[in-house]
Amino acid sequence: TFVVTENCIKCKYTDCVEVCPVDCFYEGPNFLVIHPDECIDCALCEPECPAEAIFSEDELPDDQKSFLELNAELAEVWPNITEKKDPPDDAEEWDGKSGKLEFLER
Ligand code: SF4
Ligand code: F3S
């Protein structure tokens, strides 16, 4: 499966959802996740993310491994998203910042 990681938080560009052939993205207030049981590993979303927040499960950086579990958990409770929308006004300021996990809204 592919996994959305920390740099999506507060950036949420949503370019990723447009290319997913199985519509397996789910949307929270300031973060998106991929449903691991629905993702078919096509890899189309990975290069679309301007924040480079999407990784294959096998290529997750060590400090992002907890996001595998987090994607699985939140994909069960958040609504599906299939259409791109405007990112937050301050998305660019947050792009690349570390320690964003504490700002995750559920
Ligand atoms: Fe969707 Fe493909 Fe990305 Fe999986 S790898 S989330 S199927 S676009
Ligand atoms: Fe997030 Fe990147 Fe998609 S910032 S919403 S994973 S395009």
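Of the 106 residues that make up the protein chain, 32% count as buried. That is a good place to begin our walk through this predicted model. The predictor's own scores come next: the protein chain has an average pLDDT of 98, and 100% of its residues reach at least 70. For the complex, the ipTM is 0.99 and the pTM is 0.98.

Let's step back and look at the overall layout. The protein chain contains three helices and four strands, and read from the N terminus the elements follow the order β-α-β-β-β-α-α. The chain has a radius of gyration of 12 Å, close to the 13 Å that the globule rule gives for 106 residues, so it is as compact as a globular protein of that length. Along the principal axes, its C-alpha atoms fill a box of roughly 30 × 30 × 25 Å. If you like contact maps, here is a figure for you: among contacts in the protein chain with a separation of 6 or more, 81% join residues 24 or more positions apart.

Now for the interior. In soluble globular proteins, nonpolar side chains tend to be buried together. In this model, the largest nonpolar core has 26 residues, and the members touching the most others are Val 4, Cys 8, Cys 16, Phe 25, Leu 32, Val 33 and Ile 34. Several elements each supply at least two residues of this core, namely β1 (2-4), α1 (15-19), β2 (25-27), β3 (32-34) and α2 (66-75).

Two of these core members make handy viewpoints. Which residues does Val 4 contact, once neighbours within four places in sequence are left aside? They are Leu 32, Val 33, Ile 34, Ala 53, Ile 54, Phe 67 and Asn 71. The other viewpoint is Phe 25, whose place is in strand β2. Phe 25 counts as buried because it has 26 C-beta neighbours inside 10 Å, and the cut-off for that class is 20 or more. Setting aside neighbours within four places in sequence, the contacts of Phe 25 are Cys 16, Val 17, Cys 20, Leu 32, Ile 34 and Ile 81. Asn 71, one of the contacts of Val 4, sits 46 residues from Phe 25 in sequence, with 9.6 Å between the two C-alpha atoms.

The two ligands are our next stop. Ligand 1 is surrounded by 13 residues, the closest being Phe 2, Cys 20, Cys 39, Cys 42 and Cys 45. Sorted by class, its shell holds twelve nonpolar residues, one charged residue and no polar ones. Cys 20 also links this site to the viewpoint we just left, since Cys 20 is among the contacts of Phe 25.

Around ligand 2 there are 14 residues, and those that come nearest are Cys 8, Tyr 13, Cys 16, Cys 49 and Ala 51. The shell of ligand 2 divides into ten nonpolar, one polar and three charged residues. Cys 8 and Cys 16 are familiar from the list of core members that touch the most others.

Tyr 13 deserves a longer look. This residue lies in the loop between β1 and α1, yet with 21 C-beta neighbours inside 10 Å it counts as buried. Beyond residues up to four places away in sequence, Tyr 13 touches Cys 49, Pro 50, Ala 51, Pro 87 and Ala 91. Pro 50 is 37 residues from Tyr 13 along the chain, and their C-alpha atoms are separated by 7.2 Å.

While we are in the loops, the backbone angles are worth a glance. Most residues other than glycine have a negative phi. Where do the exceptions Thr 14 and Asp 23 sit, in the loop between β1 and α1 or the loop between α1 and β2? Thr 14, with a positive phi near 65°, is found in the loop between β1 and α1. Asp 23, with a positive phi of about 50°, belongs to the loop between α1 and β2. Thr 14 has 20 C-beta neighbours inside 10 Å and counts as buried, whereas Asp 23 has 13 and counts as partly exposed.

We finish at Leu 60, in the loop between β4 (54-56) and α2. Leu 60 has 16 C-beta neighbours inside 10 Å, so it counts as partly exposed. Leaving out residues up to four places away in sequence, Leu 60 touches Val 3, Phe 55, Lys 65 and Leu 68. Pro 47 is 13 residues from Leu 60 in sequence and 15 Å away in space, C-alpha to C-alpha.

Methods. Residues numbered from 1 in each chain as written. Chains lettered and ligands numbered in written order. Predicted model: local features only at pLDDT ≥ 70, side-chain atom pairs only at ≥ 80, totals over all residues. Near = placed C-beta within 6 Å. Nonpolar A, V, L, I, M, F, W, Y, C, P; charged D, E, K, R; others polar. Core = buried A, V, L, I, M, F, W, Y, C linked by C-beta atoms within 7 Å. Buried ≥ 20, exposed ≤ 12 C-beta atoms within 10 Å, placed from the backbone. Contact = placed C-beta atoms within 7 Å. Rg over C-alpha atoms; globule rule 2.2 N^0.38 Å. pLDDT = per-residue confidence, 0-100.
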